[in-house]
Amino acid sequence: MTDQELRIKRLNILVYIVSAVVLLLVIFMRKIHLDFGISFKFLPPLYSCINAICAICLIIAYIHIKNRRIEQHQFMMKIALTLSTLFLAAYVLYHITTPDTHYCKEGNIRYLYFFILITHVVLAAVSFPFVLLTFVRGLTDQVVNHKKLAKWVFPIWLYVCITGPICYLMLYTCYT
């Protein structure tokens, strides 16, 4: 096995471990209740903005790669992944320290909200390891495999980054 193959194998294992840990953390975060003595109610607008900025970075990265500006594409993807990591940390911190906010509207808007929320959550969970794998493929110059994954991972990641802030805005009036 070459050094490059060994590096790829190690990175893939890291992706699987990180994905499993994050998935378990997100599943069980509602059962964890920590009190740091301060309110983290300021986090939802912050992590929603982070998600929106991540969406913008993804679009810019897409434009760069379509124009064959590889270095700029890579830079924007690193920013997008960093923003998604910051989002995830803030999201988990909020949910382990703050009681849930329930949707307070009635009628058809309620169905729309839950449709967006459910698709957002499911696609975020399913796409997370594939976002990391796509990043690893690009990082390790596996261009063909990177492109194959990116063709379907990109629109899902973009959808997740856009629908997160939409869910927040729809829930905004329900915060007490």
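About 11100 Å² of the protein is exposed in this predicted model, and carbon and sulfur atoms supply 71% of that area. As for what is tucked away, buried residues account for 38% of the 176 residues.

On to the fold. The protein is built with five helices and zero strands, so the pattern read along the sequence is simply α-α-α-α-α. Taken along the principal axes, the box filled by the C-alpha atoms comes to roughly 55 × 35 × 25 Å. Contacts were also sorted by how far apart the partners sit in sequence: of those between residues at least 6 apart, 78% join residues at least 24 apart.

Next, the charges. The protein carries 16 positive and 7 negative charges, and the mean positions of the two sets lie 7 Å apart. Some of the positive charge gathers in a patch on the surface, made up of Lys66, Arg68, Lys147 and Lys151. Lys66 belongs to helix α2, which covers residues 43-66. With a relative accessible area of 54%, Lys66 counts as exposed, because the cut-off for that label is over 50%. Patch membership asks for over 30% relative accessible area and no salt bridge, so the 54% of Lys66 meets the area part of that requirement. Lys66 thus ties the two views together: a residue of helix α2 that is exposed and shares a positive surface patch with Arg68, Lys147 and Lys151.

How values were computed: Residues numbered from 1 in each chain as written. Predicted model: local features only at pLDDT ≥ 70, side-chain atom pairs only at ≥ 80, totals over all residues. Heavy atoms only, no water. Patch = residues over 30% accessible without salt bridge, like charges linked within 9 Å, V, L, I, M, F, W, Y side chains within 5 Å. Areas by Shrake-Rupley, 256 points an atom, 1.4 Å probe, with all protein chains shown as cover. Salt bridge = Lys/Arg side-chain N within 4 Å of Asp/Glu carboxyl O. Lys, Arg positive; Asp, Glu negative; His and termini not counted. Charge placed at Lys NZ, Arg CZ, Asp CG, Glu CD. Helix = DSSP H or I, 4+ residues; strand = E, 2+ residues; numbered from the N terminus. Buried < 20%, exposed > 50% of the residue type's maximum accessible area, 1.4 Å probe, protein only. Contact = heavy atoms within 4.5 Å.
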